[in-house]
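Let's take a friendly walk through this structure. Have the sequence and the coordinates open as you read.

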Amino acid sequence: MLDQTGVLSEYRPFHPISAGEVYDVHPEYGENYPYLNEYDFSWQPDLNQRYVPQLYLEQSSPLSFKAEGSSAADPERLKALLKGKPLRIPAISRCWGRHSWMFADDLLENLTFAPLLGITRRAAQLTDAAGGKHQGYSALSFHKALTPARANLRLPTIKPEERLMVHLDLGDQNRMWLLHESLLQKWVALGADLQTEFSDEELSIRELSRNEFYYASGGSRSYNSVADYQQNVSGHLWGE
């Protein structure tokens, strides 16, 4: 971060680019029907209880998650457009709530976090908007958030390889996630859709702390057909 002289100067904002609306032809509603949107890639635990937890502790058995779902969902027609292939799941996507994210296991390989950071990993089985099942994903939950001052004080006491992702407390109930520059570059090389260019304001913890509401997002990427989405081609980033 540009306004930091301590260890936080090595980090950049964690701003995933989410899967946005995916359009295609519908036999009843015509062209540009939104088969999928960001709610179809937001995961909530598939539990029969009124109050759904947002933090997941490490356990040996996977936890089942389902897509939060959009009102436009048409699972049967979506299955037809998928032509027997599984729906592509982004390497990084949101979990329902404010405290967890879903990651492809490839991104988390050989990645460990110091206990001080309060990060837990729970294996996940995902049920997508078309009813397909997916393994090879894990939810990371962030139980602690460090203030910038405390992060600059405590992070140097942790091995660099065990503090590659940090949950930061900006005040007024605002939180943000930071990635070490090396991890950001690695994840992009592995195919994660992440924002890599930032404005000076986005790189200033001081400026971000003044915002009434901070949202960890690099925008959303929409597609004109299910086939384009599946191949991850011709996506349109909002604002471009």
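We begin with open space: the largest pocket of this predicted model holds about 690 Å³. It is lined by 35 residues, and those closest to its centre are Arg94, Gly97, Arg98, Trp101 and Tyr215. By chemical character, the lining divides into 16 nonpolar, 13 polar and six charged residues.

Which strands help to build this lining? At least two residues each come from β2, β6 (92–95), β7 (100–104) and β11 (174–180). The largest share belongs to β6, with four residues.

Let's follow one of those strands, β2, away from the pocket. A hairpin of three residues links β2 to β3, and the two strands pair in the antiparallel sense over four bridges. To find your place in this pairing, look for valine 22, which stands opposite leucine 36 in β3.

The same two names come up again when we turn to helix α1, which spans residues 75–82. The buried residues of α1 are Leu78, Leu81 and Leu82. Seen down the helix axis, these buried residues fall within an arc of 100 degrees, so they line one face of α1. What lies over them? Their cover includes β2 (18–26), β3 (30–36) and α6 (226–231). Thus β2 supplies residues to the lining of the largest pocket and is also among the elements that cover the buried residues of α1.

One last stop is just past the end of this helix. There, lysine 83 takes a positive phi of about 55 degrees.

Methods:
Residues are numbered from 1 along each chain as its sequence is written. This is a predicted model: local features need pLDDT of at least 70, side-chain atom pairs count only at pLDDT 80 or more; totals for chains, interfaces and linings use all residues. Side-chain values use heavy atoms; hydrogens and water are left out. Buried means under 20% relative accessible area, exposed over 50%, partly exposed in between (1.4 Å probe, protein chains only). The arc is that of the directions from the helix axis to the C-beta atoms. Contact means heavy atoms within 4.5 Å. Two strands pair if DSSP finds at least two bridges between them. On a 1 Å grid over the protein atoms alone, a cavity is a set of points where a 1.4 Å probe fits but cannot get out, and a pocket is an open set with protein on both sides within 12 Å along at least five of seven lines; lining residues have an atom within 4 Å of a point. Grid points are joined across faces, edges and corners, and a volume is the space filled by probe spheres set on the points. Ala, Val, Leu, Ile, Met, Phe, Trp, Tyr, Cys and Pro count as nonpolar, Asp, Glu, Lys and Arg as charged, and the others, Gly among them, as polar.
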